[in-house]
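Trainee: I should be grateful for a close look at one helix pair in this model, followed by an account of how its surroundings are put together.

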Amino acid sequence: MSKDGAISFAQSINQALDEAMAASDKVMIFGEDIADAQGGGVFKATSGLSTKYGTGRVRTTPIAEQAIMGAAIGAAIAGYRPVAEIMFMNFLTVCMDQLVNHAAKLRFMSGGKTFVPITVRCTTGAGVGFGGQHSDMLEAWFAHVPGMKVVTASNPAEAKGLLLSAIEDDDPTLFIEDIMMYAQKGEPLAAGEKIPLGKARVRREGSDVTVITYGRPVAQMDKLAEELAGEGISAEVIDLRTIAPFDEDTVLNSVAKTGRAVIVHEAIKSFGVGAEISSRIHEELFADLKAPVKRVGSKYCPVPFSPPLEQAFLYSQDEVYASIRRMMG
Amino acid sequence: MATKEDLDIETLLEIYRRSMRVYKTDERFRQMLTSGKLRLVYYPVRGQEVLSAAMMAALNLDDYLVTTYRGVHDQVAKGIPLRDLWAEFTGKVTGTCKGKGGPMHITDPATGVMVTTGIVGAGLPIANGLALASQQSGDGRVTVVCFGDGASNIGAFHEALNLASLWKLPVIFLCQNNRYAEHTAYSAGTAAKQIIDRAPGYAMEAVRVDGNDPIAMHLVACEAVARARAGEGPTLIEAMTYRMLGHTFGADFSYVPAEMQEEAKQADPIPLFRALLAERGIDAATLEAIENAIGAELDEAVEHALSSPYPDVDELRIDVLKEEIAA
């Protein structure tokens, strides 16, 4: 923690895990390199926890994602609340069967006799030069699976509050962390405070256009809204927080008011979360729209390595700005 | 080495009771499918009844079971109520899972049936998690996960056995080697001569046993259960058996050579078990009474299933998430 009380995103995750483990002995953590003997996690998110709670509850695992996810699912069915750390989001592909065929579906397939209260933490994001297999934003895949909840945070305080709720939630929840944000500092969340799942946050009220986003772009859109205000355009910024199930009421109420919407995410645009939200807006509010809904996402391409390519791949803030200017006529 | 005489007659009769519960359930499913009274994809378990019964008789009701879509013998031998099972197989709201899971996903925590998966090999990593919960809470439960010889070739098998051994989990990996992975013979799909040959690579205790021999199978099961309960870690059991019918009911299985089909017939565990009981002084009337009681339970279960209602379509919005989905 720095002098001014601000803490980093990674420290905030650590605080959430610490508070959850202190509150319930049913919370366990599994993942690669997570115990202190292995460095407390490659991003230090679990630092100190194995020392405090023991290596029975904070377990470093082999590099074996199916084993990690299976262990989390089984322990969850038997009454535990495991937090499984899958180091990078792309590694979820290695345990998709466990997550999609089992974690997400056991509640329904058992008629509610079992349920799987696991939280799966993973990091990802382009911009640090990890290339094609460590950077993808795959949230749309999981949002498409009935039974999964998908959550992402836009700053350290949000991360803590949302992670605490994810751990308490009775459904399997995928908690996506942005690798570019771990060092980002922000105001801490008060001890014991939580942020409910399924509720979007209106970060800034506006009357001309609604910008719907989540994760890393949220802070950028806050700034953009400030700029637009200087140009006489009043933008409302919504942080979805929970991507699935998403807070449709908050989104539709906002767009009903503004008549214009832009959806911004780092994931590639094609078949992404933006497509779903855009469709819902068109289906419900077509007559109220003053312009077609616009989506801004990254390019249809594997995440490239070379820095100029990586930057060119990423969604463009300029495109958001230009789209809004165009909508305003 | 334990011998035949180590098993008392009460235990033998208990295994026989469980075996017949499986045998008659399987027989009734096939009869009703043949007569057209039932329509579903069914995976017959004829030939594997005694193996399951001898394993499950070594467990308590609250010990955990994870099995597969070809696992009705495991569920019935574990003690699942037949009426709930039949109602689920017929898609009725009175079923174990309100008809929402079906035959491939039978779940009944009251009898320890925690997961039935339709994905080959996927149960093994989940069984580790159940066993981990027991290890952590000290509740003394043992987890048994059943799978076939074919499942030993998928990656989840490797990941699960390694982790179970590393963490000394109270789990038993019961490989029911029926010599066929769907339509593919053991030797055409498995490089290892025996499944247990893989265990040393995981520093795991392993034993190969004639699964059709109730005494041998039960003694091996008891030893593995004792090891798990004592905190001494997992066991891989390779129980040799035969699948006497095709992978799915009604499908041609001429791919099984005539000699092996004959071998399977000779090894049919049900008549052999009856002969063993006769040798131990059990008269025909005792066996008949057991079978009649199961027959009556089965009649009632089938009647209950057929007369039960289907689930309401509102069930589509329930159990997806904890919160009901809006209509």
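Mentor: In chain B, helix α1 (residues 9-34) and helix α11 (residues 284-307) have axes that come within 10 Å and cross at roughly 45°. Axes here are lines fitted to C-alpha atoms, for helices over the stretch in contact, and angles run from 0 to 180 degrees between N-to-C directions. α1(B) and α11(B) are therefore oblique to each other, given that angles under 35 degrees count as roughly parallel, over 145 as roughly antiparallel, 65 to 115 as roughly perpendicular and the rest as oblique. The crossing of α1(B) past α11(B) is right-handed (the near helix is turned clockwise from the far one by less than a right angle; anticlockwise would be left-handed). On the α1(B) side the contact is made by Tyr16(B), Arg17(B), Met20(B), Arg21(B), Lys24(B), Thr25(B) and Arg28(B), and on the α11(B) side by Ile290(B), Glu291(B), Ile294(B), Gly295(B), Leu298(B) and Val302(B). Two residues are in contact if their C-beta atoms, placed from the backbone, lie within 7 Å. By class, this contact of α1(B) with α11(B) has 6 nonpolar, 2 polar and 5 charged residues (Ala, Val, Leu, Ile, Met, Phe, Trp, Tyr, Cys and Pro count as nonpolar, Asp, Glu, Lys and Arg as charged, and the others, Gly among them, as polar).

The model is predicted: local features need pLDDT of at least 70, side-chain atom pairs count only at pLDDT 80 or more, and totals for chains, interfaces and linings use all residues. Residues are numbered from 1 along each chain as its sequence is written, while chains are lettered from A and ligands numbered from 1 in the order in which they are written.

The helix pair belongs to a chain with 11 helices and 8 strands (DSSP runs numbered from the N terminus, H or I of at least four residues for helices and E of at least two for strands). The radius of gyration of chain B is 19 Å, close to the 20 Å that the globule rule gives for 327 residues, so chain B is as compact as a globular protein of that length. That radius is taken over C-alpha atoms, and the rule is 2.2 Å times the number of residues to the power 0.38. The C-alpha trace of chain B spans about 55 × 50 × 40 Å along its principal axes.

Chain B also meets chain A, with 32 residues of chain B in contact with 34 residues of chain A. On the chain B side, β2 (113-117), α5 (123-137) and α6 (155-166) each supply at least two residues. The largest share, 9 residues, comes from α5(B). This side of chain B has 18 nonpolar, 9 polar and 5 charged residues.

Chain A itself has 12 helices and 14 strands. Its domain assignment gives domain 1 (7-186) and domain 2 (201-328), the bounds coming from an automatic or database assignment. The centres of these two domains of chain A, taken over C-alpha atoms, are separated by 27 Å. Across their boundary, 26 residues of domain 1 of chain A are in contact with 22 residues of domain 2 of chain A.

Chain A offers a further helix pair: α8 (residues 217-230) and α12 (residues 317-328) pack at an angle of about 40°, with their axes 11 Å apart. α8(A) passes α12(A) in a right-handed crossing. Gln220(A), Leu224(A) and Leu228(A) of α8(A) make the contact with Gln317(A), Val320(A), Tyr321(A) and Ile324(A) of α12(A). The residues of this contact divide into 5 nonpolar, 2 polar and no charged.
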